[in-house]
Amino acid sequence: MKIRLSNTLGGGKDEFVPLREDRVTMYVCGPTVYNYIHIGNARPIVVFDLLYRLLKRCYRMVVYVRNITDVDDKIIAAAAAEQVAIGELTRRYTAAFYDDIAPLGVLAPDIEPRATGYIRPMIKMIQRLLGGGHAYQAEGHVLFDVPSMPDYGQLSRRDLAGLQPGARVEVEAYKRHPSDFVLWKPAAAGETGWESPWGRGRPGWHLECSVMAGVHLGETIDIHGGGRDLVFPHHENEIAQSTCAHGGRPFARYWVHNGYITVDGEKMSKSLGNFRMLRDVLKKHHGECVRLALLGVHYKKPLDWSDGVLEQARRALEKWYRLLLDARPGVAADADPQVTEALCDDLNTPQAIARLHEIAHAASAAPAADRARHLALLRASAAALGLLGHEPQAWLRWRPAAAADDAALGDDEIEALIAERNRARDGRDYPAADRIRRRLAQAGVVLEDGAEGTRWLRQ
RNA sequence: GGCUAGUUGGCAGAGUGGUUAUGCAGCGGCCUGCAAAGCCGUGUACGCCGGUUCGACUCCGGCACUAGCCUCCA
C-alpha cells in the first residue's frame with residue numbers, strides 16, 4: 001500500500017516514503033492547555049488519528065508524538081485571571097482535554113510530552129543556536145536571527161522582503177530584524193520561570209516543538225502535522241530553529257496541515273469568539289457523529305460547522321448501525337480495498353465514506369445468506385476510519401446526558417409502553433396502539449414493527 | 001501589496017480529457033393495520049471569459065467572488 005500525502009513543503013501530493021523503512025515518525029502540535037478545546041482543535045486530533053491508524057496498517061513501527069503546551073503567555077494570563085497557580089490551571093485543562101476527546105474514539109499517541117519537562121534541552125538548543133551564530137541576546141531576551149537562515153520562508157512560501165513587518169503586531173525595538181522571534185524571554189518577578197544562562201525566564205513558543213520532536217524522534221522526522229494556521233509563523237520557525245541547530249539537516253520531510261473550521265463561513269477561533277466548545281457539542285451529540293462529521297470533508301478543505309453536518313453524520317451512522325443489528329459477531333474481514341485505496345490517496349475520507357455507503361447498500365440488498373459477509377466487510381472497512389466500533393443496539397438507544405430530564409423516558413418505561421401497545425395491536429385496538437406510538441415519538445423514540453417483534457431506538 | 005486555499009445539482013461533498021460519484025432532501029412504486037426502515041425507479045451540476053482539443057466540469061491563460069495567512073491561533 002502506497003500512501004500519498006499533500007506536502008505543504010513544496011505544495012504537491014507526494015508519495016510517502018519514510019526515512020527508515022521500519023520506523024515512521026510523526027509529530028503533531030497538540031493543545032495549549034489554558035481553556036477547553038473547541039471543535040476546530042478537535043479536527044487535527046481526529047485527522048492525525050486517522051493518519052496514525054493508516055500508517056500502523058502499513059508500517060511495522062510508527063511513533064506518534066503529540067505534545068501538550070503547558071507554558072505560554074496565554075496560560076500565564078489565564079492563571080492570573082482565575083487567580084490559580086499555573087500548574088493547577090494546566091492540570092485542570094489537561095484533564096479536561098482528555099475527557100473531551102475520549103468520545104471521539106482516537107488512539108492515544110505513543111508519547112505525549114509536556115513542554116515544562118524539556119526546559120534543559122531547550123536551553124541546550126538555544127546554546128547551540130547562539131554558538132552557531134543563529135541567535136543573539138538583547139534586553140534579557142534571546143532571539144533567533146532570521147536573516148542568518150538563507151532558506152527562511154520555504155514552508156509558507158514567503159520571502160523576508162515580501163513580509164509587511166508590523167502588519168498586525170508592533171515590532172519590538174530590540175529586534176535586529178522584524179521577523180526575528182523569541183527563543184527565551186525574561187520572567188518578571190513572581191512570574192513562572194526557570195534559571196538559565198540568560199537569567200530567569202521561559203522559552204519562546206516555537207522552541208518546545210523543535211526540542212520535543214528532536215528528543216523523541218531524532219533530528220529529522222517523517223511527518224509533522226497541525227492546523228493550517230500554524231504554517232506561519234509557528235512551523236516556519238520550528239524549521240528555522242531545528243535546521244540551524246542540527247547543522248542544516250532537514251527537520252521534517254512531510255508537512256501535513258488540516259484546513260480550519262468555519263462558522264457561517266468565518267474561521268472559528270478563540271480570538272474571534274465564535275468557537276463551539278467540543279464539550280458543549282458532546283452534550284447533545286454522540287462523539288462518533290462528531291468524528292464522522294469531521295471526516296466528512298477532505299482534511300485539507302475548510303469545513304463549515306453546523307447542525308446540518310452533524311445531522312448528516314448521525315443519519316449515516318444510524319443507517320449503518322441499524323444494519324449491524326443483524327450482524328453476526330466473529331466474522332472476520334479485511335477492510336475493503338477501495339476504502340483503503342481512498343485513504344491512501346491523501347486521506348480521501350469522503351470517497352472512503354461513499355464506499356462505506358455502497359457496501360451498506362449491498363448488504364441491504366443482498367439475500368439473507370450473503371448478508372453476514374457484507375456486514376463484516378462494512379465493519380472492517382469502517383474500522384479503518386475508526387468508526388462503527390460500538391455495540392449497535394446501545395448506540396441506537398444512546399441519549400445525550402443533557403436529555404436526561406423529566407421529558408425523557410427510560411428504557412424500562414419504553415419497554416413497558418411497547419408491551420402495552422402490542423397488547424392493543426393483538427386486540428386490533430389500533431387507535432390505542434397509535435396513541436402509544438405518538439407518545440413515544442414525542443419522546444424521540446422510534447418503533448419498528450418487524451417479523452421478529454417490535455424494535456425501538458432513539459433519535 | 002505579497003502568499004495560500006477554494007467556487008460542483010435544493011443541501012453536504014468526491015472525482016474525472018469522452019461513460020452513474022456518494023449521502024441527505026424531492027418525486028413515483030413495492031412492502032406495511034398505521035408507520036419506520038429497506039428495496040426498485042427517477043430529475044437536477046460543475047463561478048465567468050478566452051485558448052488548446054475531434055471532444056473541456058477536468059488542461060492552459062485571464063477575470064470575478066469567498067475564506068485565510070503576513071509574528072495569539074488547530
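Which residues are buried in H5? They are Leu207, Glu208, Cys209, Ser210, Val211, Met212, Ala213 and Leu217. Keep in mind that this is a predicted model. Below is a quick tour of that helix, a big nonpolar core, a hairpin, and the pockets and cavities; the largest core has 74 residues, and there are two cavities of 30 Å³ or more.

**Helix H5 and its end**

- H5 covers residues 207–217, and eight of its 11 residues are buried, so the helix is largely enclosed by the rest of the structure.
- Right after H5 comes Gly218, which takes a positive phi of about 100°.

**The largest nonpolar core**

- Among the 74 residues of this core, the ones that touch the most other members are Leu55, Val290, Trp305, Trp320, Leu378 and Leu385.
- Helix H1 (residues 39–58) gives the core its largest share, at 11 residues.
- Both domain 1 (4–261) and domain 2 (283–396) put in at least three residues each.
- As background, nonpolar side chains in soluble globular proteins tend to be buried together.

**A loop residue, Asp72**

- You'll find Asp72 in the loop that runs between strand S4 (61–66) and helix H2 (73–82).
- Buried means under 20% relative accessible area, so Asp72, at 12% relative accessibility, counts as buried.
- Asp72 and Thr32 sit 40 residues apart in sequence, while their C-alpha atoms are 7.9 Å apart in space.

**The S14–S15 hairpin**

- Strands S14 (residues 445–450) and S15 (residues 453–458) run antiparallel, with six bridges joining them.
- The hairpin gets from S14 to S15 through two residues.
- One bridge pair to look for is Asp449 with its partner Thr454 in S15.

**The second largest pocket**

- This pocket has a volume of about 390 Å³.
- It is lined by 19 residues, and the closest to its centre are Trp398, Arg399, Pro400, Arg458 and Gln459.
- S15 turns up here too: along with helix H9 (307–324) and helix H13 (392–396), this strand supplies at least two residues of the lining.
- The lining is a mix of 10 nonpolar, four polar and five charged residues.
- On the domain level, domain 2 (283–396) and domain 3 (405–458) each provide at least three of the lining residues.

**The largest cavity**

- The space inside the largest cavity comes to about 50 Å³.
- Its lining is made up of Leu325, Gln393, Leu396, Arg397, Arg455, Trp456 and Leu457.
- H13 and S15 are the elements that give two or more residues to this lining, and S15 gives the most, with three.
- Sorted by class, the lining of the largest cavity has four nonpolar residues, one polar and two charged.
- Where does the largest cavity lie? Domain 2 (283–396) and domain 3 (405–458) both give residues to its lining, so the cavity lies between them.

**The second largest cavity**

- About 40 Å³ of space lies in the second largest cavity.
- Around the second largest cavity are Val47, Leu50, Leu294, Leu295, Val297, His298, Tyr299, Leu347 and Thr349.
- H1, which gives the largest share of the core, also supplies at least two residues to the lining of the second largest cavity, as does helix H8 (287–295).
- The lining of the second largest cavity has seven nonpolar and two polar residues, with no charged ones.

Technical notes: Residues numbered from 1 in each chain as written. Chains lettered and ligands numbered in written order. Predicted model: local features only at pLDDT ≥ 70, side-chain atom pairs only at ≥ 80, totals over all residues. Heavy atoms only, no water. Pairing = 2+ DSSP bridges. Helix = DSSP H or I, 4+ residues; strand = E, 2+ residues; numbered from the N terminus. 1 Å grid on protein atoms, 1.4 Å probe; cavity = no way out; pocket = protein on both sides within 12 Å on 5 of 7 lines; lining within 4 Å. Points joined across faces, edges and corners; volume = space filled by probe spheres on them. Nonpolar A, V, L, I, M, F, W, Y, C, P; charged D, E, K, R; others polar. Domains from an automatic or database assignment. Core = buried A, V, L, I, M, F, W, Y, C linked by side-chain atoms within 4.5 Å. Buried < 20%, exposed > 50% of the residue type's maximum accessible area, 1.4 Å probe, protein only.
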